[in-house]
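Student: Could you take me through one part of this model closely, the place where two helices meet, and then follow what leads on from there?

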Amino acid sequence: MEGELKPMDAEQLREYGHKMVDFIADYYKNIETLPVLSQVEPGYLRKLLPETAPAHSETLQNVLEDVQTKILPGVTHWQSPDYFAYFPSNSSVAGFLGEMLSAGINMVGFSWITSPAATELEMIVLDWLAKALKLPDEFLSTGQGGGVIQGTASEAVLVVLLAARDKVLRRVGKDAISKLVVYCSDQTHSSLQKACQIGGIHPENFRVLKTDPSRDYALSPDTLSEAVSHDMATDLIPFFFCATIGTTSSTAVDPLLDLGKIAQSNSIWFHVDAAYAGSACICPEYRGYINGVEEAHSFNMNAHKWFLTNFDCSALWVKDRSALIQSLSTNPEYLKNKASQGNLVVDYKDWQVPLGRRFRSLKLWMVLRLYGLEKLQAYIRNHIQLAKLFEKLVAQDQRFELLSDKYILRFAVGAPLTEERHIVGAWKVLQDEAATLLSKC
């Protein structure tokens, strides 16, 4: 057994950990030379790997060689400075260090007693971030609300929809579920539709309200008001509305204040999905985009998109944590303890779908401490300037036009390594492709 890898050994961890860090650092050093989009065909990997797991241990060197030659060719490099698809999925040195520490401690923090620091750090760090965003005090853990880290915005919207559903059903009776109605715009992320499917909302009661390009695809308050009034007149029960700050297709920003007032006056749970653009609101000049958030029952922002925090880290705040707990809490004998039974602590298992949870607050804590708000603001401002550069380049070429109701090219700036030369290079690719296409006309 001499020299073989043990299940856990401090000195082997030190040796192998150094090798892995070197491998990852070399990956980032050379990432710009790799094709952003994987060039492999479906099923490529099965042809390269054995049909069964090895009976005997192999060396880390052999495994890393396979990563280099067999795995990385099948990777689309989201951290490449030339990556402009979907939304960014930021990584950073600070985020990586927090992820490493979380993996090293490897606790399962479903309740306070399982690791008090995990619960309490999450509460504190999300209060920090809420204050940076200037969210209403009702979203802080010092009151009746608080924040929780979900895996994704899809999980966030699911748990608040379930909380809203159960809250209204306790009032009108469980048999009324067929009357419950959900509202969103035609720019809202599809995760809301999936949440409705999981939550038992009847498909015909999922209202997708049309937006207009003249409003930059923001949802009109009149459109929401008319839909709600119509449904109430036909004995349906409007109960949940999701607005978005930075929609996936068009980065539209819904007018929270006016929409929120409509939701409040009709006893509708108002959720704000700021998964992408919420990060920008730590900058004072962009905070106005979430004016009206005081009307919301819940607010979500993905720190793993544009906030230098490695995936996954989706911050969700609620004003009334009891609504989540009543909907999602379980209390079997094997999970009971004095602190929980005495209502002295927060148990995050009751704020989410799964029981187990990772120590994700460590990486957000690391990001906030090792960069600080001023550097994070500068990071976001730089990306906005790069996006304005791309807008300027497009405007100078008469073959292209900016946003219309036609099929468009969507260009998302936000990778940590992206610089001005990558913007210019990407524009050159688009120009060359346009020239090729137009030459065939």
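**Two helices and their surroundings**

Tutor: In this predicted model, the contact between α3 and α12 is made by Val93, Ala94, Gly95, Leu97, Gly98, Glu99, Leu101, Ser102 and Ile105 on the α3 side, and by Leu362, Lys363, Met366, Val367, Leu370 and Tyr371 on the α12 side. Helix α3 covers residues 93-105, and helix α12 covers residues 361-395. Their axes come within 8 Å and cross at roughly 145°. The crossing, as α3 passes α12, is right-handed.

Leu370, one of the α12 residues in this contact, also belongs to a nonpolar patch on the surface. Its partners in the patch are Val21, Val93, Leu97 and Met100, and together the five have about 410 Å² of accessible area. Helix α3 supplies three residues, the largest share of the patch. Leu370 has a relative accessible area of 48%, so it counts as partly exposed, the class between 20% and 50%.

Charged residues come next. Glu99 of α3 and Lys363 of α12 are both in the contact list. Side chains of opposite charge can pair when their charged atoms come close. The whole structure has 20 salt bridges. One of them links Arg421 and Glu419, with the closest N and O atoms 3.1 Å apart. Arg421 is partly exposed at a relative accessible area of 47%, and Glu419 is partly exposed at 42%. Elsewhere, Glu99, Asp312, Arg358, Arg360 and Lys363 are joined into one network by salt bridges that share partners. Two residues of the helix contact, Glu99 and Lys363, are therefore members of that network.

Two further salt bridges can be set side by side. Asp350 pairs with Lys349, the closest N and O atoms being 2.8 Å apart, and both of these residues are buried. Asp9 pairs with Lys6 at 3.8 Å, N to O. Here Asp9 is partly exposed, with a relative accessible area of 23%, and Lys6 is partly exposed too, at 48%.

Asp312, a member of the network, leads to a point about the backbone. It sits in the loop between α9 (303-306) and β7 (314-318). The peptide bond joining Phe311 and Asp312 is cis, with omega about 10°. Most residues other than glycine have a negative phi, and most peptide bonds are trans.

Two residues are worth checking for phi. Lys134 is not a glycine, yet its phi is positive, about 55°. It lies in the loop between α4 (116-132) and β1 (146-150), and it is exposed, with a relative accessible area of 56%. Thr251 also has a positive phi, near 50°, and is a residue other than glycine. Its loop runs between β4 (237-244) and α8 (256-265). Thr251 is partly exposed, at 41% relative accessibility.

One last acidic residue has a covered position. Asp231 lies in helix α7 (residues 221-233). Its relative accessible area is 2%, so it counts as buried, a class that needs a value under 20%. Leaving aside residues up to four places away in sequence, Asp231 touches Val181, Tyr183, Arg207, Leu236 and Pro238.

Key. Residues numbered from 1 in each chain as written. Predicted model: local features only at pLDDT ≥ 70, side-chain atom pairs only at ≥ 80, totals over all residues. Heavy atoms only, no water. Patch = residues over 30% accessible without salt bridge, like charges linked within 9 Å, V, L, I, M, F, W, Y side chains within 5 Å. Areas by Shrake-Rupley, 256 points an atom, 1.4 Å probe, with all protein chains shown as cover. Salt bridge = Lys/Arg side-chain N within 4 Å of Asp/Glu carboxyl O. Helix = DSSP H or I, 4+ residues; strand = E, 2+ residues; numbered from the N terminus. Buried < 20%, exposed > 50% of the residue type's maximum accessible area, 1.4 Å probe, protein only. Axes fitted to C-alpha atoms, helices over the stretch in contact; angles between N-to-C directions. Left-handed = near helix turned anticlockwise from the far one by under 90°. Contact = heavy atoms within 4.5 Å.
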